[in-house]
Amino acid sequence: MKLIGKLQSRNKCKDCFIRRVWTAVIPVREYENMMEKTFIHRLFTLFPNTIAHKLLLMWMFILASWVIYFSLKDHTKFLFSLRNSFSLNHWNTFRNSTYPEAPPNPEISPTETELRIESIMEKLDQLIPPRPFTNVSSTTSATHSRATLLSPRDTYCRGDQLEVLLEMRDHLGRRKEYGGDFLRARIFSPALKAGASGKVTDFNNGTYLVSFTLFWEGQVSLSVLLIHPSEGVSALWRARNQGYDRVNFTGQFANGTSPVFSKCGLTLHTTAELCEYLDYRDQEAFYCLKPPRVPCEALTHVTTRNADISYIRQKERALFHRSNVGVEIMKNFASIKVSACGKNKNIETKCRLGMKSPFPSGYTVKRKWIAAFCKQIELNETKTINDCLKRKLIYLMGDSTLRQWIQYLPKMVKTLKYFDLHGVGPFKTHVLLDAERHTLIQWKKHGHPFITQSLFSVKDDNYIPREIDRIAGDKDTAIVITLGQHLRPFPIKIFIRRAINVQKAIERLFLRSPETKVILKTENTRRLFDNAEMFSDFHGYIQNLIMRDIFMDLNVGIIDAWDMTIADSTNNIHPPDYVIENQINMFLNYIC
């Protein structure tokens, strides 16, 4: 009001008037900067006549009034729009948060990340080329395809390689001339509760070689499933990268005693005013339609629903009918017999971080996971586990498949007790404490997108890279990360960017605390008959390939949940407790 009063008071002195306008525009300077006076003097020198002076005064008065009006009307919006009009880089943080609003560091420049994303996309497009599709009859048929055992024998030895040739045909019995089918191979012995996955080699001509390692003795059966034909894989890949709107996000804003709800998402195509929750450095984004008269900082909770939107073409939908997903390929042989044959090769190298995890990375016998590339320590006794966990700070970051760990650990270690952080609902931050042994274990969900119908808090939300940046790290600190299930319904570039950002955060952590232990848990399989366009295991398989490529050179451990859940054939997004116990046991082998 003081500024407005200055402008409203009339003064016949031309110089006084100029000073009043100028101080109204920039009151904090108060003539301390002599450059401003010099600038005004030069303006009058350029326009010496009286008419020019009057026009100049009029122009300056209009400019000053415009600036004051808009800045007083909506100061934040005005500054934000002014800053954006001079910058091509729109990434910043709209609300108060832990994210800096500084310009990007050249060492982590968006250009470098974009180049890496495009490079990975090129590899994936070559791996998943478009396939012709006219009707279902021309697609791969599990019923008409054949699996043939190569070099069959009466008895096999433990440790031998078993190879199966697949010849794929369409529904009319015609030989397929290209590859790209999404297959799942497994050997198993129900009596032993044993299982292991097989390695599939695609010759890109309609034939495949499936290789199995015979890890145990006894009668062993084989299974090869056609999850999706190559035409279905091509459709899923095209559809996935077309849109962000398969999931509807709803944000809840605090507004006195009556919360306000608004549409949110990773992108919003609208001209309406938006609340923009942006990570400047990592270029991650989440948006909400701004509720009238409610500040953006009042966003407290989010919930989601699957949208009734599909990018699968009408004629392609038959490929994803229940009867066409996960169909057994016909084979001309029964189970095989495996004997010891005097072979009992033991692995002597202890499991440690940085070891390359092969495929398959292990197998299960009596529902116990046995790694194929390192020697595991038996951690069955509570004292052994307690000694391992003593003085450990363990941070679990990811989705509910990792939250299962923090729910199961108190069953393994009775001294671990829940500590209430006053959150609400299943997706609050969970903490276990053993005060006597100075052990802390924390689970926190990853940032957007997080898909659940349950209302979850975003008051202290952070993306995983930001959470890693907050950890000091030392030899007794361990971090476990899993990422993927909630990103399956979105274009793959979202996942690639997130994985690269996590990799960079781990590299920063290793610079300040190289002794910190970092373990990646891969995605596990889920039900075959879930909404294939959004949640097919094909999406998870591709994301696992990306994770291995991005983290290949880091000194991290891998817990191959994908391999474990194929071996056990659980087909459940939340595997049973014996699978979770195997995952935790592998984790303890890495950190103890």
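Which residues have the most contacts inside the largest nonpolar core? In this predicted model, they are Ile-496, Ile-506, Met-586, Phe-587 and Ile-591, within a core of 113 residues. Helix H11, which spans residues 492-512, supplies the largest share of this core, with 11 residues. Ile-591 can be followed further through its contacts. Leaving aside neighbours within four places in sequence, Ile-591 is in contact with Cys-388, Leu-389, Lys-392, Ile-394, Ala-478, Lys-517 and Ile-519. A second core, separate from the largest one, has 29 residues, among them Ile-187, Ala-196, Tyr-208 and Val-210.

The protein as a whole has 15 helices and 26 strands. Of its 592 residues, 51% are buried. Among contacts between residues at least 6 apart in sequence, 74% join residues at least 24 apart. The accessible surface of the protein comes to about 29,200 Å², and carbon and sulfur atoms account for 56% of that area.

One of the sheets can be traced strand by strand. Five strands form an open sheet with mixed pairing, in the order S6-S7-S3-S1-S15. The edges are strand S6 (199-202) and strand S15 (330-331); each has a single partner strand, so one side of each is left without a neighbour in the sheet. At the S15 end, the partner is strand S1 (residues 140-149), and these two strands pair in the parallel sense over 2 bridges. Ala-147 stands opposite Lys-331 in S15.

Among the helices, H7 (residues 230-240) is mostly covered, with 10 of its 11 residues buried. The buried residues of H7 include the run from Ser-230 to Trp-237, and also Ala-239 and Arg-240.

Helix H13 (residues 537-550) offers a view of the surface through Leu-545, which lies in this helix. Together with Leu-127 and Tyr-541, Leu-545 makes a nonpolar surface patch of about 250 Å². Why can Leu-545 belong to such a patch? Patch residues must have over 30% relative accessible area, and Leu-545 meets this condition because its value is 33%, which makes this residue partly exposed.

The loops hold several backbone features. Two peptide bonds that lead into proline are cis. One joins Phe-359 and Pro-360, with omega about 0°, and Pro-360 sits in the loop between strand S16 (336-339) and strand S17 (362-365). The other runs from His-448 to Pro-449, with omega near 0°. Pro-449 is found in the loop between strand S22 (439-445) and strand S23 (456-457).

Positive phi values in residues other than glycine occur at Lys-193, where phi is near 50°, and at Gln-283, where phi is near 55°. Lys-193 is placed in the loop between strand S4 (182-189) and strand S5 (194-197), while Gln-283 is in the loop between strand S11 (274-279) and strand S12 (284-289). Is Gln-283 buried or exposed? Gln-283 has a relative accessible area of 10% and is therefore buried, the cut-off being under 20%. Lys-193, at 46% relative accessibility, counts as partly exposed.

Methods:
Residues numbered from 1 in each chain as written. Predicted model: local features only at pLDDT ≥ 70, side-chain atom pairs only at ≥ 80, totals over all residues. Heavy atoms only, no water. Patch = residues over 30% accessible without salt bridge, like charges linked within 9 Å, V, L, I, M, F, W, Y side chains within 5 Å. Areas by Shrake-Rupley, 256 points an atom, 1.4 Å probe, with all protein chains shown as cover. Salt bridge = Lys/Arg side-chain N within 4 Å of Asp/Glu carboxyl O. Helix = DSSP H or I, 4+ residues; strand = E, 2+ residues; numbered from the N terminus. Buried < 20%, exposed > 50% of the residue type's maximum accessible area, 1.4 Å probe, protein only. Core = buried A, V, L, I, M, F, W, Y, C linked by side-chain atoms within 4.5 Å. Contact = heavy atoms within 4.5 Å. Pairing = 2+ DSSP bridges.
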